[in-house]
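Me: Please take a close look at the pockets of this model, and at the largest one in particular.

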Amino acid sequence: MSDLNNKQILIGISGGIAAYKTAELVRLLIKKGANVRVCMTKAAVKFITPLTLQALTGNPVATDLLDPEAEAAMGHIELARWADLIMIAPATADLIARIAGGHADDLLTTICLATEAPLHIAPAMNRVMWDNPATQENCKNLQQRNITLHGPANGEQACGETGAGRMLEALELAKIIEAEFASQAKPLAGKTVLITAGPTREAIDPVRFISNRSSGKMGYAIAKAAKELGANVTLISGPVALEAPEGVHRELVESAKEMHRETLKQAKSADIFIATAAVSDYSPANVANQKIKKTEDKFSLALNYNPDILFDVSHAFPDLFSVGFAAETEDLIKHAQGKLKRKKLDMIVANPVGKDQGFDQDTNQVEVIWQGGHISLPEKDKAELAVEIMSIVSQQFNDK
Ligand code: C5P
């Protein structure tokens with residue numbers, strides 16, 4: 001599916017000869033599944049008719065700030081709110097100057113002032129007008145306000161001169177818009193997420209082990225959700241009956257000590273660490289080389305405490321964004337907050353466990369807690385929950 005599918009794009013057109021290329025831009029965006037509306041300045045309608053753009057978009061074209069009919073349906077504030085992204089192509093020197101000055105004397109400039117959507121501008125003008133310090137100052141002003149300029153390109157101009165001032169081609173602008181939505185949809189692009197999942201097995205002898213009820217479902221769902229946000233994902237997994245999600249690199253381990261060793265090794269190159277593994281807290285002090293025989297009525301096993309992987313990783317790599325899971329049978333929030341502090345975490349996901357709750361189930365209910373924030377996610381499928389948890393993780397990580 002295209003990154004433009006169902007995206008709401010407002011195209012602004014000001015009065016330049018390059019306006020004819022904008023019809024093609026609109027056609028390309030619609031072909032990719034976007035909903036497009038067009039707003040034209042008074043000068044723009046002298047270069048290309050609103051009817052052309054209305055026919056292409058299937059929507060009325062907005063031109064007047066004080067149009068009683070338009071205000072009743074899709075007025076300037078609605079249009080400013082409606083847009084997921086605004087692209088003005090072509091943007092003349094005059095329009096750039098008016099946006100730079102914060103004017104709101106026609107519909108397009110008013111929308112620019114009233115919107116919170118990302119604003120993109122494709123300038124087009126004579127090369128001397130482009131080079132003029134007044135235009136350059138205005139462009140700098142726009143960039144300081146996070147308005148993104150694309151082009152202009154060098155080449156032959158409608159006025160017969162050659163130089164910088166040509167609007168970028170429709171296909172280039174369509175690709176820029178698509179890339180903008182793709183990067184919004186992939187907030188973890190270029191980041192590495194390390195995840196531990198599943199139970200560990202602590203050998204007693206060659207045939208017996210200590211383990212727990214973890215199925216690994218939550219960790220695997222988290223790995224899939226992280227991959228979908230564009231991250232490189234490494235999953236360090238204990239023994240589970242699950243396939244690695246597509247595109248996820250998996251290292252299989254058995255014991256807590258193996259998981260500890262592998263995780264510390266991989267943490268060096270990670271940006272986010274999420275510990276979902278249900279690590280066995282203890283392992284037998286001695287592992288018998290041969291199967292232990294039933295010779296006594298009673299059998300006791302000496303156990304040693306296993307390393308706390310999450311604690312060790314978050315303390316060894318203080319810059320790593322570390323997320324823990326806390327499965328609790330009582331005082332959920334209090335215990336989770338204690339772990340958040342003690343294990344030096346950026347976030348903790350707490351879930352109640354008990355009979356038919358948490359372990360080995362397809363659904364889960366969690367509280368996501370971080371310093372200064374708390375979101376309750378009601379019971380739902382682990383896959384859906386993982387998507388919501390990862391969206392919170394990526395937001396907090398990117399805000400940090
Ligand atoms: O202390 P507790 O076991 O409740 O902490 C749970 C969190 O710590 C989980 O994120 C779990 O993956 C992690 N953990 C760990 N190594 C251990 C024990 C727990 O990484 N030995």
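Reply: What follows covers the largest pocket and then the second largest pocket. This is a predicted model, in which local features need pLDDT of at least 70 and side-chain atom pairs count only at pLDDT 80 or more, while totals for chains, interfaces and linings use all residues. Residues are numbered from 1 along each chain as its sequence is written, and side-chain values use heavy atoms, without hydrogens and water.

The largest pocket (on a 1 Å grid over the protein atoms alone, an open set of points where a 1.4 Å probe fits, with protein on both sides within 12 Å along at least five of seven lines) holds about 850 Å³ of space. Its lining consists of 38 residues, a lining residue being one with an atom within 4 Å of a point. Nearest the centre lie Ala277, Ala278, Val279, Phe325 and Ala327. Among the elements giving two or more residues to this lining are strand 13 (272-275), strand 16 (321-328) and helix 13 (332-342); helices (H or I, at least four residues) and strands (E, at least two) are DSSP runs, numbered from the N terminus. By class, the lining has 16 nonpolar, 14 polar and eight charged residues. Here Ala, Val, Leu, Ile, Met, Phe, Trp, Tyr, Cys and Pro count as nonpolar, Asp, Glu, Lys and Arg as charged, and the others, Gly among them, as polar.

The second largest pocket has about 340 Å³, a volume being the space filled by probe spheres set on the grid points, which are joined across faces, edges and corners. Of its 20 lining residues, Ile17, Ala18, Ala124, Met125 and Ala158 are closest to the centre. Helix 1 (19-31), helix 5 (93-100) and strand 7 (162-166) each give two or more residues to the lining of the second largest pocket.
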